[in-house]
Amino acid sequence: MRSRLDTERLGMAIGHELRGGEVITLTGELGAGKTCVVRGLAKGMGLSTEDVTSPTFTIIQEYENQPPIAHVDLYRLEGSIEIDEIGLSAYFDTEHVVVIEWADRLSQAQLPDDRLALHLTFGSRYSRHVMLQGFGTSSQALLNALVSQEN
Ligand SMILES: Nc1ncnc2c1ncn2[C@@H]1O[C@H](COP(=O)(O)OP(=O)(O)O)[C@@H](O)[C@H]1O
Ligand SMILES: [Mg+2]
């Protein structure tokens with residue numbers, strides 16, 4: 001991905017496929033483009049994107065949408081995280097689309113078995129690489145749909 005717009009476009013492509021109930025995890029260093037993906041994703045789901053920034057004071061930012069989007073940023077949380085305590089587990093249902101920045105602060109056991117994982121890395125100064133991984137049948141189907149969107 002050679003520009004911010006490419007990164008957003010990937011998010012949009014994912015957003016187009018979401019119907020509610022999906023969990024998308026985002027990992028990668030500060031500045032790797034996680035929030036950019038979320039912005040594209042929300043746009044792809046029909047949300048106007050000015051609203052989408054890293055939630056600075058809240059850990060979970062909910063965007064009113066059909067389906068509703070929960071944007072989670074675990075950056076400021078230190079130590080072990082209790083998903084019940086931060087209210088995250090309540091969003092793991094069939095209705096919400098949950099996107100989690102810094103998802104590597106959680107253990108596998110704290111995440112649903114079915115989830116789409118994106119790992120972002122820096123290429124040269126002006127590019128980013130992304131690795132997508134579908135865990136579980138729904139997320140693998142989502143990944144296949146993305147690939148056929150590309151062709
Ligand atoms: N493919 C890309 N090429 C160059 N710059 C990018 C790319 N994707 C995102 N950026 C830029 O990287 C910066 C950090 O993005 P952001 O989404 O806030 O990262 P994160 O949420 O991972 O910390 C932004 O200024 C964004 O415009
Ligand atoms: Mg961010």
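**Figure 1. Strands β5 and β6 run antiparallel to each other in this predicted model.** Here we zoom in on β5 (residues 115–122) and its partner β6, which share 8 bridges. If you want a pair of residues to find your bearings, try Leu116, which sits opposite Gly134 of β6. Another good landmark is His119, whose bridge partner in β6 is Met131. To get from β5 to β6, the chain goes through a hairpin of 5 residues. As a general point, side chains in a regular strand alternate between the two faces of the sheet.

**Figure 2. β2 and β3 make an antiparallel pair too.** This view takes in β2, residues 60–63, and β3, residues 69–73, which are linked by 4 bridges. Look for Tyr63 and you'll find Ile69 of β3 as its bridge partner. A hairpin takes the chain from β2 to β3 by way of 5 residues.

**Figure 3. Six strands line up in an open sheet.** Reading across, the order is β2-β3-β4-β1-β5-β6, and the pairing is mixed. β2 and β6 (128–135) are the edge strands, each of them pairing on one side only. Ignoring direction, neighbouring strands here are turned by 15 degrees against each other on average. Helix α2 packs on this sheet and touches β1 (23–27), β2, β3, β4 (97–101) and β5. The direction of α2 makes about 165 degrees with that of β4.

**Figure 4. Helix α3 lies across β5 and β6.** This helix covers residues 137–150 and runs at about 135 degrees to β6. Helix α1 comes into the picture as well: the axes of α1 and α3 come within 10 Å and cross at roughly 120 degrees. That angle is why α1 counts as oblique to α3. The crossing of these two helices, α1 and α3, is right-handed. On the α1 side, the contact is made by Ala13, Ile14 and Glu17, while α3 brings Leu142, Ala145, Leu146 and Gln149. Sorted by class, the contact of α1 with α3 has 5 nonpolar residues, 1 polar and 1 charged.

**Figure 5. Helices α1 and α2 meet at an angle.** Their axes come within 6 Å, with a crossing of roughly 45 degrees. The two helices, α1 and α2, are therefore oblique to each other. Like to know the hand? The crossing of α1 and α2 is right-handed. Residues of α1 in this contact include Arg4, Thr7, Glu8, Leu10 and His16, and among those they meet in α2 are Cys36, Val38, Arg39, Leu41 and Lys43. Taken by class, the contact of α1 with α2 has 9 nonpolar, 6 polar and 5 charged residues.

**Figure 6. Ligand 1 is surrounded by 19 residues.** Those that come nearest are Arg4, Thr7, Lys34, Thr35 and Cys36. The elements that give two or more residues to this shell are α1 (4–17) and α2 (34–44). Arg4, Thr7 and Cys36 may look familiar from the previous view, where Arg4 and Thr7 belong to the α1 side of the helix contact and Cys36 to the α2 side. As for character, the shell around ligand 1 splits into 5 nonpolar, 8 polar and 6 charged residues.

Note on methods. Residues numbered from 1 in each chain as written. Chains lettered and ligands numbered in written order. Predicted model: local features only at pLDDT ≥ 70, side-chain atom pairs only at ≥ 80, totals over all residues. Near = placed C-beta within 6 Å. Nonpolar A, V, L, I, M, F, W, Y, C, P; charged D, E, K, R; others polar. Pairing = 2+ DSSP bridges. Axes fitted to C-alpha atoms, helices over the stretch in contact; angles between N-to-C directions. Parallel < 35°, antiparallel > 145°, perpendicular 65-115°, else oblique. Left-handed = near helix turned anticlockwise from the far one by under 90°. Contact = placed C-beta atoms within 7 Å.
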